[in-house]
Amino acid sequence: MPKYVFDFTEGNKDLKDLLGGKGANLAEMTNLGLPVPPGFTITTEACRHYLKHQALPQGLDAQIDEKLAALEAAMGKRLGQTDDPLLVSVRSGAKFSMPGMMETVLNIGLNDESVEGLAAQAGEARFAWDSYRRLIQMFGKTVQDIDGELFEDAIEEAKQHKGVSDDLDLDAGDFKALVQTFKKIVRDATGKEFPADPREQMKQAIRAVFDSWNAPRAILYRRQERIPTDLGTAVNICSMVFGNLGMSSGTGVAFTRDPASGQQGVYGDYLQNAQGEDVVAGIRNTVPLGDLERIDPASYAALMDIMETLETHYRDLCDIEFTIERGKLWMLQTRVGKRTAAAAFRIANQLIDQGLITLDEAVSRVTGDQLAQLMFPRFDYAAKRHRLGHGMNASPGAAVGRAVFDSYTAIKWSRSGEDVILCRRETNPDDLEGMIAAQGILTSRGGKTSHAAVVARGMGKTCVCGAEELDIDTKNRRLVAPGGEVIEEGDVISIDGTSGAVFLGEVPVVSSPVVRYFDGEIDPASDQADDLVRAVHRFMQYSDAARRMNVRANADTPEDAARARRMGAQGIGLCRTEHMFLGDRRALVERLILADTDKEREEALATLLPMQREDFVGIFAAMDGLPVTVRLLDPPLHEFLPDITELSVRVAVAEARGEEHEGDLRMLQAVHRLHEQNPMLGLRGVRLGLVVPGLFTMQVRAIAQAAAERIREGGRPRPEIMIPLVGTVQELEIVRDESIKVMREVGEEAGVELDFPVGTMIELPRAALTAGQIAESAAFFSFGTNDLTQTVWGFSRDDVEASFFSNYLEKGVFGVSPFESLDVDGVGRLITLAVQEGREARPGIKLGVCGEHGGDPASVHFFHQAGLDYVSCSPFRVPVARLESGRAARR
Ligand code: PEP
Ligand code: MG
């Protein structure tokens, strides 16, 4: 029979799978000789058995009885003993922390007799009856599923009856009466008496904790956090210690370093004469932990010793829950604590200097997501700020603008040059344009997976959502803060997407020192660099040395290319050419599309050629010596033509007035001809190159001529020509052969040898499935995971992200958008296949990725494992990709 119950002396911190995080760490502290109230842990294995069979495993009761007997012997009192009862808590504790998701019951062991014993022992009748009513309340709510409000209302009534407003003003008699009321609530709700047998109380509480694993909120939480559903939870049975036994007792939380800044020192809160839940419920104000030194110097000194022991032992920041019972310190919990991004970098760096961890280990403890957070501009902390309220930090950044309350105004005002913050109760797909126009988005409803949050993150736009304390009144176009301030439309506000704070007026914004370091403005060896910049520098150097993959950037202007290079890019992995055909040049493209004769078309192309050449000269110069992958034109042609509705109206009006409209009519016919129901799946990419004669060859000629010019100037251009949206090798071959021909021609004209690689994007499922054939004709592959995700899932990003994605995220269909983080099971599988078959067909073929996933930490790890040679991402994400490639390689 499996061992289902472990005494705290039998476990250790590495047994989290079996004992859960809390149980494993309680055992670890026990074995370190720290003052942990004795107890035992029921394993996750027992929970899994229970959930599968809806019955406790055979033998579990006997094992519990055995451990309980040992506990009673150690404590010198028995559960339910009438003159001096042992009381225990029953707490959940899964492998991964699931804050507030599962159940806890305290004070198990009290009944009508033992409550008197407890009162006598403690010399405190009020305390004993308060503990008893807490037991019935928690047990009723969590074990017996009784509406918690019934209990709350009864307490409220008792206070009203007595004419007091504070729990502390209720005395023993009041609680004694409340116990009777609570028991009646239980009787009415369940038809049974509250169980007086402590062992029965314990048994039911254990079942309730097991059951809480499958509570709807826990299921949803796991889905969103990607915690496996089949782990189950452990149950910790711990002898009770009481922080509510008078002013020499209390309870607190502590951190071994500041989890916000990472600075060393004493951080935490303490509350005298209280139990843990009271701190959370905020019934009274806590005092800073430092005050404990004055209140109870001996306990304070003991706590400081323990904190040092824990830090040295766990070699990391720990957070702690403790209770002092009449001057005796007890440790109730510890774990490696959560921290902000800045604290993560600082602490990892400090721990190296303290000799507690290696540089390699330090790098494993900081993430690309944290680095990205350090790169957002932020509000100047030194500036005077007036805070209006607070919501959820849904999408980081610092945004300032005039408050507007509908999308239409957001668009109108932003067109006339105003920065605006779009304030809505919640957003929906109709708000999309307004969201694009705004500097930031503020909502009063909805969580981190709400429409506003999802779409804002997708756009990289600052967002604070679910700021419930702000009354956003869109009808009257104003916002009322809890402090009574009224913000009318047009008033300036500042929102902090990194912290969730909302401020009145314009708060000055400062650029991140980390970005200034990456930009070369701060020398990490100088005094200008603070400890955060020095930590970042140290970890980046290590990662750069460790990584196997190169990191390139997606850039299509010389300025972006130069910036990417400063950020550490080793080339351009995707130079899109779409924007080069917009603006003033749009008219030329129209001419190209509308050309009736070869001559007209050639003229249009000949005018475009020198412009394209100039584009490339600048980019090749900025990336001199490094590869630049130029992608030939991709988007559907109609994107270059006027809007069909506007044009139809113009033609109709002209017709009605009898005005000349020959040009517009021709254009309208072309627009109709090229109109597509699903442009994403229509005439774009290589299809366009094959259908519009001369278009791709003009682009290749421009690339070749630009390269020749750079060579003449003494540069070292390294262009690579990339064909988009290839589905079959034949498409690629036609374009490749033409490209090679053009390069030769240009080379001969210029008197230099031009032989640049021609490769393809792999961004359609068919391309991935036939990668072996395609590799025969491709010098390189670059995975276009944006389109590959669209086509594998069969949804168009533009349509779905703003419409139903937030719904899918809320339902937990996916924990994160597959456009944000690569869908490893689906899209990833195709990539793995294409890598394998591509390399078999052409050993040494260069493989990269240029979809947005190239800058996403989790995806970078997958690309490393899949064996890609490089990732390419937006210039700003280059440091993130460098760090994560290094972290992936060190694993
Ligand atoms: C892609 O599809 O991943 C890609 C990089 O191309 P685009 O985003 O320009 O379609
Ligand atoms: Mg694409």
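Helices here are DSSP runs of H or I with at least four residues, strands are DSSP runs of E with at least two, and both are numbered from the N terminus. This is a predicted model, in which local features need pLDDT of at least 70 and side-chain atom pairs count only at pLDDT 80 or more, while totals for chains, interfaces and linings use all residues. Residues are numbered from 1 along each chain as its sequence is written, chains are lettered from A and ligands numbered from 1 in the order in which they are written, and side-chain values use heavy atoms, with hydrogens and water left out.

**View 1. Residues 298-344, a stretch with a record-based label.** Welcome to the first stop: over residues 298-344 the chain is 45% helix and 36% strand, and the end C-alpha atoms lie 32 Å apart. An unreviewed UniProt entry places residues 61-285 and 298-344 under "domain: Pyruvate phosphate dikinase AMP/ATP-binding" (positions follow the numbering used here, feature names are shortened, and annotations may be inferred rather than shown by experiment).

**View 2. Two arginines with positive phi.** Look for arginine 315 in the loop between helix 12 (297-314) and strand 9 (318-325). Arginine 315 is not a glycine, yet its phi is positive, at about 55°. With 28% relative accessibility, arginine 315 counts as partly exposed (buried means under 20% relative accessible area, exposed over 50%, and partly exposed in between, using a 1.4 Å probe and protein chains only). Arginine 326 sits in the loop between strand 9 and strand 10 (328-336), and its phi is also positive, near 45°. Arginine 326 counts as partly exposed at 41% relative accessibility.

**View 3. Helix 8 and its cap.** Helix 8 (residues 198-212) has 15 residues, so at 1.5 Å a residue it should span 21 Å, and its end C-alpha atoms are indeed 21 Å apart (the expected span is 1.5 Å times one less than the number of residues). Its buried residues include Met202, Ile206 and Phe210. At the N-terminal end, aspartate 197 acts as a cap, with a side-chain oxygen 3.0 Å from the backbone nitrogen of arginine 199. Arginine 199 belongs to helix 8 and is buried, with a relative accessible area of 18%. Its side chain also makes a polar contact with the side chain of aspartate 61, at 3.4 Å (a polar contact is a pair of N or O atoms within 3.5 Å; within protein, one must be able to donate a hydrogen and the other to accept it, and residues adjacent in sequence count only if both atoms are side-chain atoms).

**View 4. An open sheet of 8 strands.** Follow the strands in the order 12-22-21-14-15-16-17-13, with mixed pairing (two strands pair if DSSP finds at least two bridges between them). Strand 12 (386-390) and strand 13 (392-395) are at the edges with a single partner strand each, so one side of each has no neighbour in the sheet. Strand 13 pairs with strand 17 (residues 462-465) in the antiparallel sense over 3 bridges. Here, serine 395 stands opposite cysteine 463 of strand 17.

**View 5. The magnesium ion (ligand 2).** Its protein donors are Glu763 (OE) and Asp787 (OD), 2.0 to 2.1 Å from the ion (donors are N, O and S atoms within 2.8 Å of the metal, or 3.2 Å for Na, K and Ca; water is not among the atoms, so sites may look incomplete). The pair links distant parts of the chain, 24 residues apart: glutamate 763 in the loop between strand 28 (758-762) and helix 29 (765-769), and aspartate 787 in helix 31 (residues 785-793). Glutamate 763 counts as buried at 2% relative accessibility, and aspartate 787 counts as buried at 10%.
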